[in-house]
Amino acid sequence: MSAIFTRKEVNMHCSDDDCWIIYGDYVYDITDFLYTHPGGAEILLEYAGGDATDAFESVGHSIDARVMLAKYEIGILHDDDRSTFIIPQFISQAKKFLFSS
Ligand code: HEM
């Protein structure tokens with residue numbers, strides 16, 4: 001059972017030592033990933049506490065990047081705050097497939 005967060009809650013995690021982002025309907029804590037991101041920390045920090053869905057897609061990230069993203073998932077958006085986006089569902093499935101033992 002995933003933790004449920006509102007966009008407002010996510011907005012509070014907006015610094016380089018506490019950095020959450022939204023991608024689709026899911027919430028990610030990417031604090032530990034900031035300084036290893038191949039595209040740099042700075043660009044991620046522009047979306048800290050916010051919604052990085054369009055930015056992530058506009059760069060044309062690889063499947064590797066999508067699988068990587070799944071590792072940082074900490075929960076899902078509250079029903080009222082969802083954007084019903086399809087790709088994160090794929091990620092969630094991939095995560096179950098790759099990381100279940
Ligand atoms: C937090 C989730 C993210 C993950 C896991 C991630 C992962 C990656 C990975 C693995 C690459 C290497 C190329 C590839 O495999 O596609 C990459 C490149 C890149 N990412 Fe991200 N990324 C994330 C978010 C973002 C966001 C929100 C942006 C904002 C636009 C962004 C911008 C870029 C750029 C510009 C590059 C190209 C760097 C270059 O080739 O010089 N990324 N990212």
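Two residues are taken to be in contact if their C-beta atoms, placed from the backbone, lie within 7 Å. By this criterion, 73% of the contacts in the chain with a separation of 6 or more are between residues 24 or more positions apart. The structure analysed is a predicted model. The chain has 101 residues, of which 22% are buried.

Five helices and five strands were assigned. Read from the N terminus, these elements follow the order β-α-β-β-β-α-α-α-β-α. In an unreviewed entry, UniProt lists residues 2-78 as "domain: Cytochrome b5 heme-binding". Over residues 2-78, helix accounts for 31% and strand for 26% of the chain, and the end C-alpha atoms are separated by 11 Å.

The five strands form an open sheet with mixed pairing, in the order E1-E5-E4-E3-E2. Strand E1 (3-5) and strand E2 (14-15) are the edge strands, each pairing on one side only. In general, the strands of a sheet pair through backbone hydrogen bonds, in either a parallel or an antiparallel manner. E1 and E5 run parallel and are joined by three bridges. Isoleucine 4 has isoleucine 76, in E5, as its bridge partner.

The largest nonpolar core comprises 18 residues, and those with the most contacts inside it are Trp20, Ile21, Ile22, Tyr23, Val27 and Tyr28. At least two residues of this core are supplied by each of strand E3 (18-23), strand E4 (26-29), H4 and strand E5 (73-77). E3 provides the largest share, five residues. Isoleucine 22, one of the core residues with the most contacts, was examined further. When its neighbours within four places in sequence are left aside, isoleucine 22 is in contact with Arg7, Val10, Val27, Gly50, Asp51, Ala52, Thr53 and Leu77.

The surroundings of the ligand were considered next. There are 19 residues around the ligand, and Gly39, Ala52, Ala55, Ser62 and Ala65 come nearest. Helix H2 (41-45), helix H3 (53-58) and helix H4 (63-70) are the elements that give two or more residues to this shell. The largest share, four residues, comes from H4. By residue class, the shell around the ligand consists of 14 nonpolar residues, four polar residues and one charged residue. Helix H4 thus appears in both settings: H4 supplies at least two residues of the largest nonpolar core, and H4 gives four residues to the shell around the ligand. Ala52 likewise links two parts of this description, as one of the residues that come nearest to the ligand and as one of the contacts of isoleucine 22.

Key
Residues are numbered from 1 along each chain as its sequence is written. This is a predicted model: local features need pLDDT of at least 70, side-chain atom pairs count only at pLDDT 80 or more; totals for chains, interfaces and linings use all residues. A residue is buried if 20 or more other C-beta atoms lie within 10 Å of its own, exposed if 12 or fewer, and partly exposed in between; C-beta atoms are placed from the backbone. A residue is near a molecule or strand if its C-beta atom, placed from the backbone, lies within 6 Å of it. Ala, Val, Leu, Ile, Met, Phe, Trp, Tyr, Cys and Pro count as nonpolar, Asp, Glu, Lys and Arg as charged, and the others, Gly among them, as polar. A nonpolar core is a set of buried Ala, Val, Leu, Ile, Met, Phe, Trp, Tyr and Cys residues joined through C-beta atoms within 7 Å. UniProt positions are given in the numbering used here, feature names are shortened, and annotations may be inferred rather than shown by experiment. Two strands pair if DSSP finds at least two bridges between them.
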